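User: Could you walk me through this model and show how each label follows from its value? I would like to see the reasoning step by step.

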Amino acid sequence: MTDKFDVIVIGAGPAGYVAAIRCAQLGLKTACIEKWLSKEGKPALGGTCLNVGCIPSKALLESSHYYEMSGSALSEHGVQVENPKLDLKKMLARKDKVVKDLTGGIEQLFKANKISWLQGHGKLLPNKQVSVTGQNGKSETYSAENIIIATGSVPIEIPATPFTDDLIVDSSGALEFSEVPERLAVIGGGVIGLELGSVWRRLGSKVVVLEAMESFLVVADQQIARESLRIFNKQGLDIHLGTRVTGSSVKKGKIEIEYKDKDGLHKDSFDKLIVAVGRRANTDNISDDETGLLLDERGLIHVDEQCRTNLPGVYAIGDVVRGPMLAHKGSEEGMMVAELIAGENSNVNYETIPSVIYTHPEISWVGKTEEELKASAVEYNVGTFPFAACGRARATGETAGMVKILADKQTDRVLGVHIVGAHSSEIIAQAVIAMEFGASAEDLALTVFAHPTLSESVHEAALSVHGRVLHTVQKKR
Ligand code: FAD
Ligand code: AMP
């Protein structure tokens with residue numbers, strides 16, 4: 001047995017590393033176990049989000065957007081770029097540098113906060129002990145008053161399309177294609193499938209998205225989802241709904257996919273396949289059987305509202321527990337648990353966690369969808385505003401999409417805000433703050449927004465809740 005800590009965190013993704021930093025800020029002697037190895041085989045902090053998730057995907061989304069813009073869209077502004085050329089190697093290298101800089105930044109933060117980074121695989125043992133097995137196979141045991149499990153999630157593999165080295169890949173493989181595939185299939189029209197499908201479509205692939213559900217983006221407000229589907233189809237993303245992939249084979253460097261839809265069985269051939277059917281909690285070998293750590297029926301670590309597991313002094317946060325698999329949700333849980341351990345009162349407001357899909361335009365929302373309100377028999381008013389009627393959107397040329405606000409019919413309290421539109425990942429923060437403060441649609445309508453901004457569309461949608469919209473003619477629902 002070696003050192004004893006106040007807190008040991010297992011996993012240094014956005015849930016774990018934030019928990020570790022907050023614990024250290026609160027004066028707790030903190031260690032964080034992380035086993036991630038970078039592409040170069042070097043130990044790295046930051047987890048899925050920084051290494052193969054949020055950050056590299058957004059780097060490629062931005063770069064591929066510039067590439068696409070330099071084609072047709074810029075010429076509308078009177079800027080002629082002759083034959084824009086793609087330097088994919090440079091684009092990928094830039095993405096890798098962004099990742100390296102940020103993961104290196106977390107390492108600096110660990111040093112500055114005196115957090116001990118224990119490199120290797122962590123495993124919970126009975127009596128608040130943890131073993132750490134390094135790359136050399138040697139194990140050390142540590143103990144702590146409190147243990148936070150933040151082991152994240154991993155991509156789901158389906159039997160019909162087992163991963164290969166470079167043809168049938170998960171989201172991490174899809175960040176590394178060394179050439180633009182001519183024909184690319186994506187299984188799963190969810191967040192990751194749409195983002196990565198968009199990257200490669202912009203770079204020149206013919207992209208076919210095969211989605212099992214009959215409706216597009218079932219988690220989103222369906223009016224926004226329908227509008228988004230229309231925009232993506234126009235962009236050339238070939239999205240097939242109600243389509244289940246049943247098998248695949250690799251022949252002469254191509255992937256033959258079999259899929260079923262309402263018209264029967266089909267076969268098609270592709271150069272690459274991205275499997276983006278969701279992620280599962282990573283509980284692989286993280287706890288000794290004797291600890292009795294309880295999982296729920298979906299394989300997530302069972303926790304209460306404040307992320308306490310069934311074991312005293314053991315918490316779990318982030319993708320490995322219930323709730324949306326989002327980096328900011330995990331980070332908030334990390335801060336909450338650190339503060340609880342330090343004896344403070346803390347909680348997370350799960351009602352106001354924003355979701356964003358970083359396509360172009362972006363899809364962003366917070367709170368309830370219209371479908372959820374109907375299902376729970378809550379009476380509501382709706383206000384909408386199209387970006388096509390927004391002066392700033394006209395000026396920038398990004399007129400696709402709309403803002404939709406749902407407000408309680410009796411109290412006028414904002415219950416949900418849904419946006420498809422350029423930069424909506426930034427705009428949605430206003431709605432989150434409004435909801436966090438319990439704002440009414442009237443509060444938003446009385447707020448002064450700078451002109452000309454895209455955010456004025458939130459103002460107009462709030463005015464529209466009460467039939468007072470200014471810059472368009474209000475439609476009757
Ligand atoms: P993770 O980030 O998965 O980190 C867990 C860490 O624990 C890993 O580093 C792992 O190596 C380590 N670990 C696991 N087991 C052990 C063990 N036994 N011992 C030691 N270490 C261990 N979310 C957003 O909010 N916004 C986005 O834009 C977004 N984009 C995404 C794009 C892609 C392509 C993907 C794949 C995901 C994206 N996500 C996004 C989701 C986001 O990455 C996750 O929600 C987030 O990373 C979860 O954080 P976490 O800390 O719970 O787990
Ligand atoms: P997300 O949870 O946002 O990552 O999205 C995953 C998407 O994959 C969801 O829309 C699922 O409906 C879809 N999906 C899951 N399994 C399959 C499958 N076998 N074939 C096609 N789509 C699938």
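**From values to labels**

Analyst: Happy to! Asp-412 counts as buried because its relative accessibility is 11%, and the label applies to anything under 20%. Please keep in mind that this is a predicted model.

User: Thanks! Where does Asp-412 lie?

Analyst: Asp-412 belongs to the loop that connects strand 21 (402-408) with strand 22 (414-421). Its C-alpha atom is 9.3 Å from that of Asp-443, and the two residues are 31 residues apart along the chain.

User: What share of the residues in the protein is buried?

Analyst: Buried residues account for 51% of the 477 residues.

User: And why is the protein called as compact as a globular protein of that length?

Analyst: The globule rule gives 23 Å for 477 residues, and the radius of gyration is 24 Å, close to that value, so the protein is as compact as a globular protein of that length. The C-alpha trace spans about 70 × 60 × 45 Å along its principal axes. As for secondary structure, the protein has twelve helices and 22 strands.

User: What makes strand 9 and strand 15 a pair?

Analyst: The pairing label needs at least two bridges, and four bridges join strand 9 (residues 183-187) to strand 15 (residues 272-275). The two strands run parallel. Within them, Ile-187 stands opposite Val-275 of strand 15.

User: In what order do the strands of that open sheet come?

Analyst: The order is 8-15-9-10-11, with parallel pairing across the five strands. Strand 8 (168-169) and strand 11 (238-240) are the edge strands, as each of them pairs on one side only.

User: Let's turn to ligand 2. Which residues come nearest to ligand 2?

Analyst: There are 14 residues around ligand 2, and the nearest are Gly-188, Gly-190, Val-191, Glu-211 and Ala-212. By class, the shell holds eight nonpolar, four polar and two charged residues.

User: How do you know that Glu-211 makes a polar contact with ligand 2?

Analyst: An N or O atom in the Glu-211 side chain is 2.6 Å from an oxygen atom of ligand 2, and a polar contact requires N or O atoms within 3.5 Å. The pair therefore meets the cut-off. Two backbone distances can be set against that limit as well: a polar backbone atom of Val-191 is 3.1 Å from an oxygen atom of ligand 2, and a backbone N or O atom of Ala-212 is 3.1 Å from a nitrogen atom of ligand 2. On its own, ligand 2 has 510 Å² of accessible area, and the protein covers 73% of that.

Notes:
Residues numbered from 1 in each chain as written. Chains lettered and ligands numbered in written order. Predicted model: local features only at pLDDT ≥ 70, side-chain atom pairs only at ≥ 80, totals over all residues. Heavy atoms only, no water. Near = heavy atom within 4 Å. Polar contact = N/O pair within 3.5 Å; in protein donor to acceptor, adjacent residues only side chain to side chain. Areas by Shrake-Rupley, 256 points an atom, 1.4 Å probe, with all protein chains shown as cover. Nonpolar A, V, L, I, M, F, W, Y, C, P; charged D, E, K, R; others polar. Rg over C-alpha atoms; globule rule 2.2 N^0.38 Å. Buried < 20%, exposed > 50% of the residue type's maximum accessible area, 1.4 Å probe, protein only.
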